[in-house]
Amino acid sequence: MKVIEKTMNKFTKAEEEEDDGSKIFQSIQVAKVDLSSNVSPLPPSVGDSATPLIEVSAGDELNLTPPLNFAMVDNGIFRSGFPGSANFSFLKTLGLRSIISLCPEAYPENNMQFLKSNGIKLFQFGIKGYKCPPGLEKEVWLHLWNSKHQKEGSYTNANSKTSEPFVNIPDNKIREALKVLLDEKNHPLLIHCNRGKHRTGCLVGCMRKLQKWCLTSIFDEYQRFAAAKARVSDQRFMELFDVTSFKQIPMSFSCSSS
């Protein structure tokens, strides 16, 4: 449709009468519409920097499935578990420029093809998980592993009672990932690990420290995703993470200035 004339409402000033009350007259001019042509999309408002929605085909509209634990972190930043082919149509709508993967395994071929066909750059900062060897008590394995491998600035989930692989959080990889995360040229951006809980939660938590969130709020956000599998060691890592070496974060982030 092509709008030929704008709809206008005109209200005349009320005419008061002493005994009969007041009369209000309203004049309405109806728009004329040409149904033979299509409406052109309205241009974005001046100063509107929001990422435009990406059009998807009619078939894809029925299959917009987000990855596990998907959520928006901030302007142009999203988080989730490992995306699969069932999530590709949904990811298209985000208009992603970059993906940060915190998994050490080689990226699946299907995912690489999706990134290539959509012009998405992959940044991989692999953080390994370690499983307890069969027949050995987990607490014993944790003690042996920590005695051999623990270094300053790195922590394991020694207090975790879960059956998942425990993770050594390398300070240097979190710092490198943060540099990519804070660079607006990489936005819109998706952060993911395997389940979108621990490694992703630590990276997001360190970003929150840059945004001057209090620890209570940082831990609350982490626990909403980790739930019963929250790790004291992850929270300890975020608490001790030093952000003083980072420059001021982009103003487009939704943080209070100080």
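**Note on the predicted model: confidence, central sheet and salt bridges**

1. In this predicted model, pLDDT stays under 50 over residues 21–28, a stretch for which the model has 18 contacts beyond four places in sequence. Over residues 42–49 the pLDDT is also below 50, and here the model shows 0 contacts beyond near neighbours in sequence. For the protein as a whole, the mean pLDDT is 75, and 57% of the residues reach 70 or more.

2. An open sheet is formed by 5 strands in the order β7-β8-β13-β9-β10, with mixed pairing. Strands β7 and β10 (121–124) stand at the edges with a single partner strand each, so one side of each has no neighbour in the sheet. On average, neighbouring strands of this sheet are turned by 25° against each other, direction ignored.

3. Strand β8 (residues 77–80) pairs with β7 (residues 71–74) in the antiparallel sense over 3 bridges. Within this pairing, Met-72 has Phe-78 as its bridge partner, and Asp-74 has Ile-77. The hairpin of β7 and β8 has 2 residues between the strands, and Gly-76 takes a positive phi near 75° there.

4. The pairing of β8 with β13 (residues 189–192) is parallel and runs over 4 bridges. Phe-78 has Leu-190 as its bridge partner in β13.

5. The side chains of β8 deserve a separate remark. In a regular strand, side chains alternate between the two faces of the sheet. From β8, Ile-77 and Arg-79 point one way, whereas Phe-78 and Ser-80 point the other way; all are buried.

6. The whole structure contains 7 salt bridges. One of them joins Arg-208 and Asp-74, with the closest N and O atoms 3.8 Å apart. Arg-208 belongs to helix α6 (residues 198–210) and Asp-74 to strand β7, so this pair ties together parts that are 134 residues apart in sequence. Arg-208 is buried, with a relative accessible area of 3%, and Asp-74 is likewise buried, with a value of 3%.

7. Arg-208 also meets Glu-221 in a salt bridge, at 2.8 Å from N to O. This pair links helix α6 with helix α7 (residues 215–226), the two residues being 13 apart. Glu-221 is buried, as is Arg-208. Asp-74, Arg-208 and Glu-221 are thus linked in a network of salt bridges.

8. A further salt bridge lies within helix α8 (residues 232–240), where Arg-236 and Glu-239 are 3 residues apart, about one turn of the helix. Their closest N and O atoms are 3.8 Å apart. Arg-236 is partly exposed, with a relative accessible area of 40%, and Glu-239 is partly exposed at 35%.

Note on methods
Residues numbered from 1 in each chain as written. Predicted model: local features only at pLDDT ≥ 70, side-chain atom pairs only at ≥ 80, totals over all residues. Heavy atoms only, no water. Buried < 20%, exposed > 50% of the residue type's maximum accessible area, 1.4 Å probe, protein only. Pairing = 2+ DSSP bridges. Axes fitted to C-alpha atoms, helices over the stretch in contact; angles between N-to-C directions. pLDDT = per-residue confidence, 0-100. Contact = heavy atoms within 4.5 Å. Salt bridge = Lys/Arg side-chain N within 4 Å of Asp/Glu carboxyl O.
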